[in-house]
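User: I'd like a close look at one part of this model, the charged pairs and what surrounds them. Could you take one buried pair as the starting point and then work outwards through the rest?

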Amino acid sequence: MVEGLYARIAKWTFVYPLLLVSSVVMLFPLAWTFSTSLKTAATVTLREVKLIPDPVQWSNYITIFEESPLILYTQNTMYMVVTSVIGGVVICALAGYAFARIAFPAREVLFYVLLSTMMLPHVVQIIPLFVIFDRMGLVGTFWPLIIPRLLGHNAFYIFLMRQFFRGIPLELSDAARMDGCTELGIWARIIIPNSKPVLAAVGIFSIQFAWNDFLSPLIYLGPKKELWTLALGLNAQKGFEGEITSLHKMMVISVYMIIPMLLVFAFGQKYMIEGVTFSGMKG
Amino acid sequence: MSGMAAVGAGGAERPRLSLRWREAINFYLFLAPWILGFLAFTAIPIVASLFLGFTKYNAISPPDFVGLKNFRFLYNDQVFWKSLRVTLTYTVVFVPLQLVSSLLLAMLLNLRVPSMRTIRTIYYLPSILPTVVTGLVWIWLFNADFGLINFFLYKAFEIRGPNWLGSERWVMSAVIISGLWALGGGVIIFLAALQNVPGEFYEAAELDGANILHRFWHVTVPMISPVILYNLMIAMILSLQVFTRIYVLTQGGPNYASYFYNLYVYDNAFSYLKLGLASAQAWILFVLILLLTVLALRTSGRWVHYSGGV
């Protein structure tokens with residue numbers, strides 16, 4: 001695009017500085033969280049904005065493991081993460097393949113059913129599900145959280161997979177079929193190796209979702225402290241009035257919960273952004 | 001899908017099923033886990049919740065059919081109307097605000113300037129954080145006495161900031177601000193849409209003497225209108241269902257000023273075990289979302305253009 005002189009002046013004197021300043025504003029809450037996590041009970045309540053606290057109490061990150069069962073919470077969260085990834089990457093890929101490549105009369109109808117489930121408000125399903133799991137005596141165990149995930153119960157992931165698989169050339173799978181490959185063989189040997197971007201995107205979304213999920217663990221694990229996930233444990237740190245004196249500890253756990261997500265983001269940024277934009281373009 | 005394909009190398013040893021049968025079996029085998037999950041975790045629960053909506057049920061004694069009593073109760077329930085009002089107020093303010101600011105931001109992030117990759121990452125970052133973390137961080141920032149926001153207000157303008165989360169008047173603003181922080185997802189989608197608008201369109205408009213505002217209204221907006229619709233619907237559906245951030249930030253207080261719809265559903269269902277009443281509430285929300293979605297889609301014909309590469 002040709003830029004006019006005025007447009008160029010406006011861009012460099014006004015728009016760009018604005019963008020820079022507001023990105024600092026966006027980042028500041030995070031920086032402040034980190035800064036607070038290094039404070040002491042006494043310096044947390046000082047009315048001053050010092051991004052580098054005095055003193056810098058790195059030991060907060062060690063004592064928190066003695067004061068709070070973070071390791072246990074992390075372990076519990078990992079059950080959610082692992083099952084989520086398996087369900088997302090394997091089971092949703094199978095379903096996505098069926099919707100993309102196996103001709104069957106009811107396919108389009110089922111696909112619209114799948115799409116319409118994305119619109120359903122979560123609360124409509126939660127209450128009867130709770131009743132069902134309660135009847136089975138499974139409330140207060142991991143099962144109500146794990147089973148839906150293992151069954152690939154996520155319409156969005158299946159949708160992403162299907163859209164991507166449709167782009168893989170038919171000739172590849174036809175050639176494999178000629179060589180005597182079964183559908184499962186084609187899926188495993190042709191489709192999966194050619195779908196790294198979408199598998200990565202779904203894998204990352206699954207990790208993120210399981211790590212961040214709050215409502216389901218709250219409902220099913222609420223009274224069982226020994227089964228809590230990190231999100232529940234962190235929320236419980238909050239006293240009724242957000243006790244000021246222990247704020248730095250809350251921020252330590254927050255940072256502890258943020259860092260894995262930052263790492264996932266750093267490694268998978270490209271795929272995540274492709275996945276997010278893909279949903280907007282084709283949806 | 002030629003007939004040849006069915007006759008694989010090992011075909012002779014296998015039972016000779018017709019291609020159609022084989023594809024049907026394959027289709028359902030691949031889909032079996034999803035179908036199982038769909039039945040168990042979507043279809044049956046939805047039917048069950050519709051049924052529960054007409055019953056009195058506490059998970060201990062069997063459900064007791066009460067007809068429209070739950071709906072009549074809600075009709076006369078002040079807290080129900082309050083929670084609906086809170087949620088709709090939030091939606092009406094937040095959704096347009098989020099939509100406009102994401103689009104403007106996406107346009108700025110589409111400029112060619114140094115270190116744009118880093119800047120984009122910074123704007124996207126808050127949207128990937130765990131909601132519980134976001135909630136706690138904002139509790140700290142909004143703290144009346146020691147929070148960063150009131151500190152800045154005082155230093156910069158000598159304003160004594162309000163007790164954001166503890167005041168009926170300010171709590172909604174606080175909820176909206178904390179929500180806007182995480183607008184990254186929508187921005188990314190807008191950005192991709194903007195990058196798909198062919199440059200020639202702008203050049204042609206410029207030759208016709210269109211200034212920057214004209215180009216925005218007559219080129220950018222029509223070209224990305226399907227994505228505007230998509231972002232609008234997602235934002236609407238999500239903001240009617242806000243739960244976790246509020247649960248962490250305010251628990252609905254003070255005096256129900258931030259008592260969102262789903263908080264009331266949650267309380268009825270899991271704090272008071274009024275599962276029938278909560279199911280009725282859930283269905284009201286479901287119908288509301290459905291109506292709004294249909295409305296958005298119906299009226300979209302007038303302003304959404306499905307031409308071009310988007």
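Analyst: Start with A:R149, which is buried, with a relative accessible area of 10%. Keep in mind that this is a predicted model. The partner of A:R149 is A:D213, and the salt bridge between them has its closest N and O atoms 2.8 Å apart. A:R149 sits in helix α6 (residues 143-150) of chain A, while A:D213 is in the loop between α10 (196-212) and α11 (215-221) of chain A, so the bridge ties together parts that are 64 residues apart in sequence. And what about A:D213, buried or exposed? A:D213 counts as buried, at 11% relative accessibility. The cut-off for buried is under 20% relative accessible area, so both A:R149 at 10% and A:D213 at 11% fall on the buried side.

How many salt bridges does the structure hold over all chains? There are five. As background, side chains of opposite charge can pair when their charged atoms come close.

Next, look at A:K249 and A:E67. Their side chains meet in a salt bridge at 3.4 Å, N to O. This pair links distant parts of the chain: A:K249 belongs to helix α13 (residues 247-282) of chain A and A:E67 to helix α2 (residues 60-67) of chain A, 182 residues apart. As for exposure, A:K249 counts as partly exposed, at 28% relative accessibility. A:E67 is partly exposed too, with a value of 47%. The partly exposed class ends where exposed begins, over 50%, so A:E67 at 47% stays in it.

A local pair comes next. A:R177 makes a salt bridge with A:D174, and the closest N and O atoms are 3.0 Å apart. Both residues lie in helix α8 (residues 170-178) of chain A, three residues apart, which is about one turn of the helix. The two partners fall into separate accessibility classes: A:R177 counts as buried at 8% relative accessibility, whereas A:D174 is partly exposed with a relative accessible area of 28%. The story doesn't stop at two residues, as salt bridges that share partners join A:D174, A:R177 and A:E183 into one network.

Now for a lysine in a loop. A:K39 lies in the loop between α1 (5-37) and α2 of chain A. A:K39 is buried, with a relative accessible area of 5%. Which residues does A:K39 touch, not counting those up to four places away in sequence? The list is A:W32, A:V44, A:K50, A:P53, A:Q57, A:N60 and A:H248.

One name on that list, A:P53, gives us a yardstick. The C-alpha atoms of A:P53 and A:G268 are separated by 32 Å, with the two residues 215 apart along the chain. A:G268 is found in helix α13 of chain A, the helix that also holds A:K249. A:G268 counts as buried, with 3% relative accessibility.

From here, on to how the helices pack. Two packed helices are described by the angle between their axes and the distance between the axes. Within chain A, helix α3 (residues 70-101) and helix α7 (residues 155-165) have axes that come within 8 Å and cross at roughly 50°. That angle makes α3(A) oblique to α7(A), and the crossing is right-handed. On the α3(A) side the contact residues include A:G88, A:V89, A:C92 and A:R101, and they meet a set in α7(A) that includes A:Y157, A:M161, A:R162 and A:F165. By class, the residues of this contact of α3(A) with α7(A) divide into 11 nonpolar, two polar and two charged.

There is also a helix pair that runs across chains. Helix α12 (residues 230-237) of chain A and helix α6 (residues 131-142) of chain B have axes that come within 9 Å and cross at roughly 15°. That makes α12(A) roughly parallel to α6(B), with a left-handed crossing. Here A:A231, A:L234 and A:N235 in α12(A) meet B:V132, B:V133 and B:L136 in α6(B). The contact of α12(A) with α6(B) has five nonpolar, one polar and no charged residues.

Finally, chain B. The axes of helix α2 (residues 19-52) and helix α15 (residues 275-300), both of chain B, come within 7 Å and cross at roughly 115°. The crossing of α2(B) and α15(B) is left-handed. B:I46, B:S49, B:L50 and B:L52 of α2(B) make this contact with B:G276, B:S279 and B:W283 of α15(B). Its residues divide into four nonpolar, three polar and no charged.

Key. Residues are numbered from 1 along each chain as its sequence is written. Chains are lettered from A and ligands numbered from 1 in the order in which they are written. This is a predicted model: local features need pLDDT of at least 70, side-chain atom pairs count only at pLDDT 80 or more; totals for chains, interfaces and linings use all residues. Side-chain values use heavy atoms; hydrogens and water are left out. A salt bridge is a side-chain nitrogen of Lys or Arg within 4 Å of a carboxyl oxygen of Asp or Glu. Helices (H or I, at least four residues) and strands (E, at least two) are DSSP runs, numbered from the N terminus. Buried means under 20% relative accessible area, exposed over 50%, partly exposed in between (1.4 Å probe, protein chains only). Axes are lines fitted to C-alpha atoms, for helices over the stretch in contact, and angles run from 0 to 180 degrees between N-to-C directions. Angles under 35 degrees count as roughly parallel, over 145 as roughly antiparallel, 65 to 115 as roughly perpendicular and the rest as oblique. A crossing is left-handed if the near helix is turned anticlockwise from the far one by less than a right angle, and right-handed if clockwise. Contact means heavy atoms within 4.5 Å. Ala, Val, Leu, Ile, Met, Phe, Trp, Tyr, Cys and Pro count as nonpolar, Asp, Glu, Lys and Arg as charged, and the others, Gly among them, as polar.
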